[in-house]
Amino acid sequence: MPSSEALFLGFDLSTQQLKAVLITARSLSVVHEASVHYDTDLPSYGTSNGAILGPDEGRVTSPVSMWLEALDLILERIRTAGIDLRRVVGIGGAGQQHGSVYWSVDAPSLLASLDPSKALGAPGHLAPQAFSLPDAPIWQDSSTTVECRELEDAVGGSQALSDLTGSRAYERFTGVQIARIRKVNPSAYAQTSRISLVSSFVPSLFLQRIAPIEISDASGMSLMNILTSSWEDALLEACGGPELRAKLGPEPVLGGSALGKIGTWWVQRWGFSPECIIAPFTGDNPATVVALSAPGDAILSLGTSTTLLLSIPPPLSTVSPSTPPKRTTTSHLLAHPAAPGGYIAMLCYKNGALARERVRARYANDTNDNGTDAGTKWTRFNEIVRGTPPGNNGYLGFYFPQPEIIPPNITGEFFFKPDAGATSMAAVPEVAFPPFFHPRAILESQLLSIKLRVADIMPPGAPSLRRLVLAGGASSNAVIQQVVADVFRTSAYIVDRNTGTQEAAAFGGALLARYAWWRNTKGERGTFEDMMAETGETSQMKLGAEPDAEAARVYEDLVGIYGTCERRAIAIYQGSSHDS
Ligand SMILES: Nc1ncnc2c1ncn2[C@@H]1O[C@H](COP(=O)(O)OP(=O)(O)O)[C@@H](O)[C@H]1O
Ligand SMILES: O=C(CO)[C@@H](O)[C@H](O)COP(=O)(O)O
C-alpha cells in the first residue's frame with residue numbers, strides 16, 4: 001500500500017470509550033485503530049464505565065469536557081503511531097444513541113475561533129462557556145418516566161407515538177430528556193442556543209460550527225416523524241415548547257452526505273488537509289448496521305447495551321406504494337442512515353456487558369482476574385459456562401442491576417428453579433440458586449429475552465434468519481458465540497480480526513465518510529451498495545459457531561418457560577416497588 005493512499009477516519013464515541021478506525025480509500029483495509037477509555041485514561045472525571053450516576057434518582061450523565069479531552073488524546077495517539085493526518089480525506093463516525101449536548105449562546109463564536117495553541121479540552125477553551133450544561137444526559141438515564149407518560153398522553157398513547165416516531169416513549173430518548181431539563185432547569189434551557197446529539201456534537205467540533213442531526217439518530221429522539229424524517233411540531237411543542245425547533249436546528253439530514261470541510265483549527269493544530277470533508281455521524285447501532293449488514297442477516301451487538309438489529313431495505317419499486325414497516329411498543333424503528341426509504345428495526349437492552357461483568361465478579365472471579373477482556377478476565381466465567389449444560393438444569397436467573405428497557409424499568413435480580421416435581425418453576429431466593437449456575441443463567445436469560453421477541457421485529461413474510469452477525473466487546477468470546485448459535489439455532493458470524501475490525505460502529509462511520517466523499521468529491525450518484533461494489537471489499541466475516549441441534553431443541557422448549565418466569569419476575573418487582 002503506498003503510504004500516500006487516501007484514508008478515511010471513523011470515530012465511535014460510545015459509553016465506555018472513544019474509538020477510532022482508519023481505513024484506506026481503495027480496499028477499505030484497516031490501517032490503524034486507537035481508543036481512549038474514559039475511566040482509566042481520564043480518571044480525574046471520576047466516571048464509572050464512562051458515566052456519572054445521580055444526583056437525582058435515575059439520572060445518568062457524562063461530562064462533556066471529558067469527551068473533548070478524549071478527542072485530544074485519541075488524536076495524539078493516532079499521530080504518535082505515525083499516521084500522517086494529511087492523508088485523511090473524510091471523517092465520519094458514530095455516537096452512543098440518545099445522549100444530548102446543550103450549547104450556550106456563545107458556542108457558535110467560540111467554536112469558530114478555536115485557538116490552535118490550545119487543546120480542545122483545555123479549561124476555558126470551549127468548556128465551560130460553550131455549554132449551558134456541563135454534563136450530557138446519556139442513554140442509561142431513567143429519570144424521565146413522568147415526561148414519558150406526558151408525551152404519550154399528548155399524542156394519544158404509546159402505540160400512537162410509536163406509529164408517529166417508530167418508538168413509544170422511552171426514558172432515554174432525547175425528547176423527554178429535553179422536557180425534563182426544561183422543567184427542572186429552566187434557566188439552562190433558556191440559555192441553550194442549540195441541542196446536539198452525541199452523534200452531531202462530534203462533527204460540530206470538526207466543522208467548527210454546529211452540525212445538523214442525522215435522520216437515523218434523530219429516530220431515537222421521539223421528535224421526528226419516522227415516515228417523513230422531518231421534525232414533528234406536536235412533539236417539539238410537547239417536549240420543548242415553541243422554542244425547541246430553533247434549538248434543534250435544520251431538519252434532520254441523510255447520512256453519507258458531506259456537511260462541509262474540516263475547520264481551520266484542525267488544519268493548524270493537527271495537520272489535517274483543508275480539503276478533508278466531514279460527514280454526518282450517526283448512532284452507534286445504525287453505524288454497525290452500515291458496517292455489517294447483509295440481506296437475511298440480523299446483527300446482535302454485545303456492547304455496554306445489547307441490541308438486536310435488522311436492516312429493512314427500501315422497497316425495490318418506487319412505483320408501487322410500500323407498506324410502512326411495523327411499529328410496536330416494545331421495539332424501535334429507525335430511519336436507515338444511507339438508504340432513503342430504508343429502515344432499521346431494533347430491540348435494545350440496558351443490562352448487557354455491565355450486568356455480565358457483575359456476575360463474573362461475584363460468581364466467576366478468577367484468582368488471575370487482573371487480566372484484560374481479551375486475555376484471562378473471562379477464563380473462569382467461560383469454564384463455568386462450559387461446565388453447565390444448555391438449559392442450566394432448569395435454573396433461570398434475571399439480572400437487572402440498572403432499570404431495564406425490556407421489560408420496562410424492572411430492576412433487581414430474580415431467580416427460578418424447577419419445583420420438586422419438575423412440573424413448574426418456583427421463584428427462589430439467591431441463596432437457593434447454586435453459584436455455579438449464574439454465568440450460564442445470565443447468558444441464557446439475556447438471549448432468551450431476544451428470542452421471545454425477535455418475531456416482533458421481522459417484516460411480514462420475511463424468511464427466517466439466515467445467520468446472526470455478532471458485534472461489540474463480548475462478540476470475541478467463543479463461549480458466548482456458541483450459546484448465541486444454540487439459542488437462536490443459527491450460525492453465529494463474527495468479524496475476522498485479520499481482515500476487519502471489531503469496532504464495527506467506528507468502521508461504519510468511516511464507510512459513511514467514504515460514501516459522502518464518493519458522491520460529493522467524485523460526483524458519483526449511486527447507492528451505498530454501488531460504492532461498496534466498486535471498492536472490491538472482501539468479506540470480513542468468519543464463522544464463529546454453528547448451532548448444536550440438541551442444545552437448540554432445549555432452548556426452543558425453554559423460551560415459553562422463560563416468558564412465564566419473566567412475567568412472574570415483573571409481578572414480583574411491581575409488588576416490591578409498590579410495597580416500598
Ligand atoms: N472476551 C470477552 N468476553 C466477554 N465480554 C467481553 C470480552 N471482551 C470485552 N467484553 C465486554 O465488552 C464490553 C465493552 O464493549 P464495547 O462494545 O467496547 O462497549 P461500548 O461500545 O458500549 O463502550 C466490556 O464492558 C466487556 O464486558
Ligand atoms: O440506547 C441505545 C440504543 O437505543 C444503546 O445501544 C446506546 O446506543 C449505547 O450503545 P453502546 O455504548 O452500548 O454500544
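Around ligand 1, the shell of residues splits into 10 polar, four nonpolar and three charged ones. This is a predicted model, and the ligand site is a handy place to start looking at it. In total, 17 residues surround ligand 1. Ser 14, Gly 303, Thr 304, Asp 373 and Gly 473 are the ones that come closest to the ligand. As for secondary structure, helix H14, which covers residues 353–363, gives the most to this shell, with three residues.

Away from the ligand, there is the nonpolar core to consider. The largest such core counts 179 residues, and Cys 239, Leu 470 and Val 484 have the most contacts inside it. Helix H18 (residues 504–520) supplies the largest share of this core, at 12 residues. Cys 239 is worth a further look: once its neighbours within four places in sequence are set aside, Cys 239 still touches Leu 151, Gly 175, Val 176, Ile 178, Ala 179, Leu 223 and Leu 244.

One of those partners, Leu 151, also turns up where two helices meet, as part of H4. Helix H4 runs over residues 145–155 and helix H5 over residues 158–165; the two pack at an angle of about 80°, with 8 Å between their axes. Angles of 65 to 115 degrees count as roughly perpendicular, so H4 and H5 are roughly perpendicular to each other. On the H4 side, the contact is made by Leu 151, Glu 152 and Val 155, while H5 brings in Ser 158, Ala 160, Leu 161 and Leu 164. Sorted by type, the residues of this contact come out as five nonpolar, one polar and one charged.

Methods: Residues are numbered from 1 along each chain as its sequence is written. Chains are lettered from A and ligands numbered from 1 in the order in which they are written. This is a predicted model: local features need pLDDT of at least 70, side-chain atom pairs count only at pLDDT 80 or more; totals for chains, interfaces and linings use all residues. Axes are lines fitted to C-alpha atoms, for helices over the stretch in contact, and angles run from 0 to 180 degrees between N-to-C directions. Helices (H or I, at least four residues) and strands (E, at least two) are DSSP runs, numbered from the N terminus. Angles under 35 degrees count as roughly parallel, over 145 as roughly antiparallel, 65 to 115 as roughly perpendicular and the rest as oblique. Two residues are in contact if their C-beta atoms, placed from the backbone, lie within 7 Å. Ala, Val, Leu, Ile, Met, Phe, Trp, Tyr, Cys and Pro count as nonpolar, Asp, Glu, Lys and Arg as charged, and the others, Gly among them, as polar. A residue is near a molecule or strand if its C-beta atom, placed from the backbone, lies within 6 Å of it. A nonpolar core is a set of buried Ala, Val, Leu, Ile, Met, Phe, Trp, Tyr and Cys residues joined through C-beta atoms within 7 Å. A residue is buried if 20 or more other C-beta atoms lie within 10 Å of its own, exposed if 12 or fewer, and partly exposed in between; C-beta atoms are placed from the backbone.
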